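Grab the viewer and work through these exercises in order. Each one has a task and then a solution in small steps.

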Amino acid sequence: MQATHSHLAVHDHGAHAQPTGLMRWITTTNHKDIGTMYLWFSFTMFLVGGILALLLRSELFQPGLQLVEPEVFNQLTTMHGVIMVFGAIMPAFVGFANWMIPLQIGAADMAFARMNNWSFWLLPPAALLLVISFFVPGGAAAGGWTLYPPLSVQMGPGMDLAIFALHILGASSIMGSINIVTTILNMRAPGMTLMKMPLFCWTWLITAYLLIAVMPVLAGAITMILTDRHFDTHFFNAAGGGDPVLFQHVFWFFGHPEVYIMILPAFGIVSEIIPAFARKPLFGYTSMVYATSSIAILSFIVWAHHMFTVGMPATAQLFFMYATMLIAVPTGVKVFNWVATMWKGSMTFETPMLFACGFIFVFTMGGFTGLILAITPIDIQLHDTYFVVAHFHYVLVAGSLFALFAGVYYWLPKWTGHMYNETLGKAHFWLSVIFFNITFFVQHFLGLAGMPRRVPDYALQFADFNMISTIGAFGFGFTQLLFLYIVVSCIRGGEKAGDKPWEGAQGLEWTVPSPAPYHTFEVPPVVR
C-alpha cells in the first residue's frame, strides 16, 4: 500500500473510504479526533457544573432561603462536585493526552485505537445518568461529592444513577490510562529515551499509573454502598456491625491520589509553556521528573488528613500530618524550577504564559492553605468550613483549570492552523484571575470565622463576604463564555499560524547558548 494510505492501513480500513459526518466522529480511531471530542465534552460538562455552581451561589447571595429547598441545595452541591471532577477536569486532561502524547513522542497514534474510541464514548451515557438523576423521585444524590454514608445509603434512586455513572466514568479512565501507559512505554520514536520525553508525557505517564491504581478502589467503595442500599449488607451501618468511617478510609485512599490526578497533567502543561516563553530550556528537568514521581508515591500515604475529626489515635494524626507536609517538598521543587526557568529569560507574555504565571501564583497560594490544613489542631477547627472550600478551589480552579486554559491557548495554533485573538485572550485571563480571587479569596475569611460549608442558610455576620463571593462567581462564569467565543472564532478562521507561532510571532529565536530542548512540538525527535 502506498505511503499516502498508511494512515488508513494503520486503522485497518484498507482501501475503503473513511466515513463522513456524524459517523466519522462515532467511529473514529484517530487520536486527534478523539482528543477533540474529549475537550468539547469536558467543556460542555464544565458549563453544566458551572450553572449548578451559580445556582448555589445565588442561594447564598444573602441569608435566608431564596431559590431552593435545603435538600435541593445539597443535590446541587453533590452534582456540582461530581460533574466538575469526573466530567470536566479529568476528561479535559485526557483530551490533551490524546492530542499531544503521540505528537510529542513521535508515535503514529495511540497504542489501542479502538479502545481509545470506546473510552470516550462511555462518557456521554455517564453524563446523561448524572443529569437524569435530578429528575427521578427524591432527586439527585445529596451526600456531597464524597458520597458519605449513612446519607448515601438512605437516599432515593438518584444515588443509584450517580453510582452507575461513576462506575462507567471509572471504566473510561482505566481504559484511557492503559492506553497512555502502553503508548508512552512502547511507541516512542528511535532516540526518544524516557529522560528526553517532554514533561507533559512524564506527568501523564505517572498520572495514568495513579488512575489504574485508585479507580478500582473507588469502584469497590461505591459497590459496597450499592449492596448496603439494596442487598441488606452492613458494610457502613454501625447497627449491623459496620462502620461509616470505613467508607471514609476507602474513599479517601482513592480521593487523595485523585487530587493529584487532576493536578499532575497541569504541572506538565505549565512545564511545556514556561520554557517556550522564557526562551530557555526547563531548569532541572531530571529533578522535575523525580519530584512528580515523589508526589505520586506520597499521595498514597496521606489519605486520612481528610479525616482528622473522626477520632483517630494521636499517633495516626501525627503520621498523616507529617506525611502531608512532606508533599510540600517536591511541590516546592517544581515551583522553584519554574521560577528558575523564567530567571533571566527573554520572556514575552502572550496568553498561554499569562495563564502559566497565574497558575504558579494562585496554585502556590492554594498549596500554602493546604499546608495550613495539614496541621491537625488547625484542621480540626477549620474542618468542613469555607476555608476548605477556598483551599481546594484555589488548587483545582486556579490550578487545573488555569493550566487547561494555558494549554488550549498554547496549542490552538497547532490544532487549528489559526491564531486566536490575542487581545481577547488576555482579556479572558485578566477577567478570570480577578473574578476568581473575588469569588474564593473571601471564602478564607468565612471559614476562619466559622461558616460551615454545604449549608443553604447562614448567620447575618457572613452576609457581606457571601455577597462578594457570589458577584465574583457570576463574573467568572460569564467570562468563560468569552473563552468559548475565542476558541470557536479561532477554529472558524483568523490569522494563519506560522510553523513556529511562539517564536516567529515575536521574531525572537533562542537567546541562550544551550540548544533548544528536543521536545518543542514542531521538531520531530532527533535520532542520537
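One rule is needed before we begin: the expected span of a helix is 1.5 Å times one less than its number of residues. Also keep in mind that you're looking at a predicted model.

**Exercise 1. Check the length of helix α13, residues 314-342, against the rule above.**

Step 1: α13 has 29 residues.
Step 2: Put that through the rule of 1.5 Å a residue, and the helix should span 42 Å.
Step 3: Now look at the end C-alpha atoms of α13, which sit 43 Å apart, so the two values agree.
Step 4: Go just past the end of α13 and you'll meet Lys344, which has a positive phi of about 60 degrees.

**Exercise 2. Find out how domain 1 and domain 2 meet, and what the domain 1 side is made of.**

Step 1: Place the domains. The assignment puts domain 1 at 25-262 and domain 2 at 267-516.
Step 2: Count who takes part. Domain 1 brings 52 residues to the contact, and domain 2 brings 56.
Step 3: Look at the gap between centres, which is 20 Å over C-alpha atoms.
Step 4: Turn to area. The two domains bury about 4900 Å² between them, and 77% of that is on carbon and sulfur atoms. On the domain 1 side, Arg57, Phe96 and Leu199 supply 14% of the buried area, more than any other three residues.
Step 5: Search for pairings across the interface of the two domains. There are zero salt bridges, but 16 residue pairs are in polar contact.
Step 6: Ask which helices of domain 1 do the touching. α3 (31-59), α4 (70-105), α9 (199-230) and α10 (244-261) each supply at least two residues, and α4 gives the most, with 13 residues.
Step 7: Sort the domain 1 side by class: 36 nonpolar, 13 polar and three charged residues.

**Exercise 3. Which peptide bond is cis, going from one proline to another?**

Step 1: Start with the background: most residues other than glycine have a negative phi, and most peptide bonds are trans.
Step 2: Head for the loop between α6 (123-132) and α7 (151-154), where you'll find Pro150.
Step 3: Check the bond from Pro149 to Pro150. Its omega is near 5 degrees, and that bond is cis.
Step 4: Stay in the loop between α6 and α7, because there's another residue to see: Leu147 lies there too. Its phi is near 60 degrees, a positive value in a residue other than glycine.

Conventions. Residues numbered from 1 in each chain as written. Predicted model: local features only at pLDDT ≥ 70, side-chain atom pairs only at ≥ 80, totals over all residues. Heavy atoms only, no water. Domains from an automatic or database assignment. Contact = heavy atoms within 4.5 Å. Buried area = accessible area lost by both parts, 1.4 Å probe. Salt bridge = Lys/Arg side-chain N within 4 Å of Asp/Glu carboxyl O. Polar contact = N/O pair within 3.5 Å; in protein donor to acceptor, adjacent residues only side chain to side chain. Helix = DSSP H or I, 4+ residues; strand = E, 2+ residues; numbered from the N terminus. Nonpolar A, V, L, I, M, F, W, Y, C, P; charged D, E, K, R; others polar.
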